[in-house]
Amino acid sequence: MTRFVTKLAAATAAVALASVPGLASAQTTQAVDEKTGPVSFANVASVRIGNPGSLITETQRSPLTPGQSKLSPDRTVVPRDEGEKNTFGDKWAVNLGRFGAQSPFPPGIASRDHNVLAALQQTTVPTAVAESNYALLDNGRGGAKPADNTVLVLEGAKSAVDCSSPGKATSSTSVGKIWVRDETGALKPSGASGVDVKGLKLGPPSVIKNENIGKDETTSDLTVSRVTAFDQLIRQDGWRNGDVTAVAGWKVDIVTHVRDDAGKDLREARTTLVLGGVSCSIPKNFVAKPAGGTGPGAAPEQPAVPGTVPAGGIPPQAADSTRTVVGLGLLGGGIVIGAAAMLLFRRRKPVPVREK
């Protein structure tokens with residue numbers, strides 16, 4: 001996986017700063033420990049396709065000195081290129097809030113940029129937030145417009161964490177509305193605390209060569225719930241926890257029952273998405289510095305550790321020694337790990353939607 005900058009690079013940067021007149025004296029904040037100190041992470045969307053295939057988009061990491069790392073607004077959809085499609089599949093897509101002339105959202109939901117950032121406050125308290133609208137599209141439906149293919153919408157989703165002290169690590173996960181396409185084909189609000197849907201008309205994220213899928217017979221079971229544990233996040237190895245960790249985000253579990261036109265079970269495809277996954281961690285003896293900064297995240301500085309990298313991919317067959325995305329950065333953007341989907345055979349009867 002992409003690793004943090006080395007101690008040698010950090011030392012070189014420190015020497016370079018010290019050599020500039022007046023700059024070293026202005027650097028009054030001591031950096032937190034890179035491996036054990038307070039840290040936060042934020043990721044807009046990641047996907048696990050079966051086991052062990054995963055697609056992890058750009059992950060933001062808080063810098064070692066007060067400042068923030070924020071996801072570029074240019075990331076508007078998953079997957080966004082052929083490399084990501086090879087893992088995610090070519091049937092599904094997740095819109096991250098911004099769209100052009102044709103909206104994938106219900107009427108009344110405006111185009112917007114996401115707000116995804118990881119910050120170290122002036123007090124060295126780590127925080128993270130992910131805010132966006134999300135739309136899951138099944139392009140296998142063949143709709144004339146993007147909105148015709150949308151099967152799930154999280155409107156006004158927000159997840160946030162704040163690790164102020166070992167006894168005060170907080171998290172929150174909220175949403176304005178969750179929209180789900182019901183059995184009549186209409187996209188309707190289905191609650192704001194989570195949903196559990198059986199028999200949703202949703203095909204698999206990808207198809208197998210020569211697979212004869214019955215579109216009307218294939219259904220999915222979909223559950224939307226809050227992220228409550230660190231291990232529920234879909235993350236790179238560099239995304240670490242600590243003695244005290246808070247997590248937040250939305251988890252979407254989908255089991256697709258792929259059938260032929262006669263209703264015969266062909267396979268079962270399992271997919272998990274984590275939307276707006278965030279975490280913060282601190283050591284057990286952490287004590288925040290006295291207040292006196294300029295607010296959450298302060299004014300962004302050049303991070304002591306690069307906070308993100310351009311999108312890139314890791315082929316499943318790559319050896320460990322080659323697993324570094326070229327460029328300066330912390331965690332790989334658009335990282336692809338594996339491409340195999342778990343195929344199980346099982347059949348379930350559709351039941352109505354219920355709020356969770």
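Modeller: Before we start, a cavity here is a set of grid points where a 1.4 Å probe fits but cannot get out. Keep in mind that this model is predicted.

Biologist: Okay, how many cavities of 30 Å³ or more does a search of the whole structure find?

Modeller: Rolling a probe the size of a water molecule over the atoms shows where empty space is left. With the cut-off at 30 Å³, the search of the whole structure comes back with a count of one.

Biologist: And about how much space lies in the largest cavity?

Modeller: We're talking about the space filled by probe spheres set on the grid points. For the largest cavity, that comes to about 50 Å³.

Biologist: Which strands each supply at least two residues of its lining?

Modeller: Let's look at who lines the largest cavity: Y134, A135 and L136 are among them, and so are L152, V153 and L154, plus L273 and L275. Strand β8 covers residues 126-138, and β9 covers residues 150-165. With β16 at 265-282, the strands that each give at least two are β8, β9 and β16.

Biologist: How do the lining residues divide into nonpolar, polar and charged?

Modeller: Val, Leu, Ala and Tyr count as nonpolar. The lining includes V94, Y134, A135 and L152. The split is ten nonpolar, no polar and no charged.

Biologist: Let's follow β9 then. Which residue in β11 does L152 stand opposite?

Modeller: β9 and β11 run antiparallel, joined by four bridges. L152 also helps line the largest cavity. Its partner across in β11 is V180.

Conventions
Residues are numbered from 1 along each chain as its sequence is written. This is a predicted model: local features need pLDDT of at least 70, side-chain atom pairs count only at pLDDT 80 or more; totals for chains, interfaces and linings use all residues. Side-chain values use heavy atoms; hydrogens and water are left out. Two strands pair if DSSP finds at least two bridges between them. On a 1 Å grid over the protein atoms alone, a cavity is a set of points where a 1.4 Å probe fits but cannot get out, and a pocket is an open set with protein on both sides within 12 Å along at least five of seven lines; lining residues have an atom within 4 Å of a point.
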